[in-house]
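Welcome, and thanks for taking a look at this one with me. Please open the structure and keep it beside you as you read.

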Amino acid sequence: MSLFQQKVLFLVSKIKRGRVTTYKAIAEKLKSGPRAVGRAVGANPRPIIVPCHRVVMSDGRLGGYSGGIKNKMLLLGREGVKVADGKIVDFEKHFLKVK
């Protein structure tokens, strides 16, 4: 695993239950591109421990998930994050700015 992937997954690991952040927000923090972040998240070897299901697109759409979109929706729903028509409901309420 590259140093970049480790940095991405470290930031993802800090996203608390019931919150989401975006590929773009992580990319801006790391001075990278959102697609590179997406690839790093997609290569997450421990998707339940490092909650990559909490990373979504900047417009609130879900994006991808190695376990499938249905599972991403299920996991987010269990955490109180509602999804309708493939987008996070009340996206701003759930959004966590990456620090």
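The points below go through the interior and the helices around it.

1. Before anything else, please keep in mind that this is a predicted model.

2. A good place to start is the largest nonpolar core, which has 18 residues. Those with the most contacts inside this core are Val 8, Val 12, Ile 26, Val 37, Val 41 and Val 55. Three helices, α1 (3-13), α2 (23-30) and α3 (34-42), each supply at least two residues of it. There is also a second, separate core of seven residues, including Val 56, Leu 62, Val 81 and Ile 88. As general background, nonpolar side chains in soluble globular proteins tend to be buried together.

3. Next, have a look at α1, where Val 8, Leu 9, Leu 11 and Val 12 are buried. Viewed down the axis of α1, these buried residues fall within an arc of 155°, so they line one face of the helix. Their packing partners are α2, α3 and β2.

4. In α2, the buried residues are Tyr 23, Ala 25, Ile 26 and Ala 27. The buried residues of α2 pack against α1, β1 (21-22), α3, β2 (55-56) and α4 (69-78). Just after this helix comes Lys 31, with a positive phi near 55°.

5. Finally, Ile 26 deserves its own visit. Which residues does Ile 26 touch, if those up to four places away in sequence are not counted? They are Val 8, Leu 11, Val 12, Thr 21, Val 37, Val 55 and Val 98.

Notes: Residues are numbered from 1 along each chain as its sequence is written. This is a predicted model: local features need pLDDT of at least 70, side-chain atom pairs count only at pLDDT 80 or more; totals for chains, interfaces and linings use all residues. Side-chain values use heavy atoms; hydrogens and water are left out. A nonpolar core is a set of buried Ala, Val, Leu, Ile, Met, Phe, Trp, Tyr and Cys residues joined through side-chain atoms within 4.5 Å. Buried means under 20% relative accessible area, exposed over 50%, partly exposed in between (1.4 Å probe, protein chains only). Helices (H or I, at least four residues) and strands (E, at least two) are DSSP runs, numbered from the N terminus. Contact means heavy atoms within 4.5 Å. The arc is that of the directions from the helix axis to the C-beta atoms.
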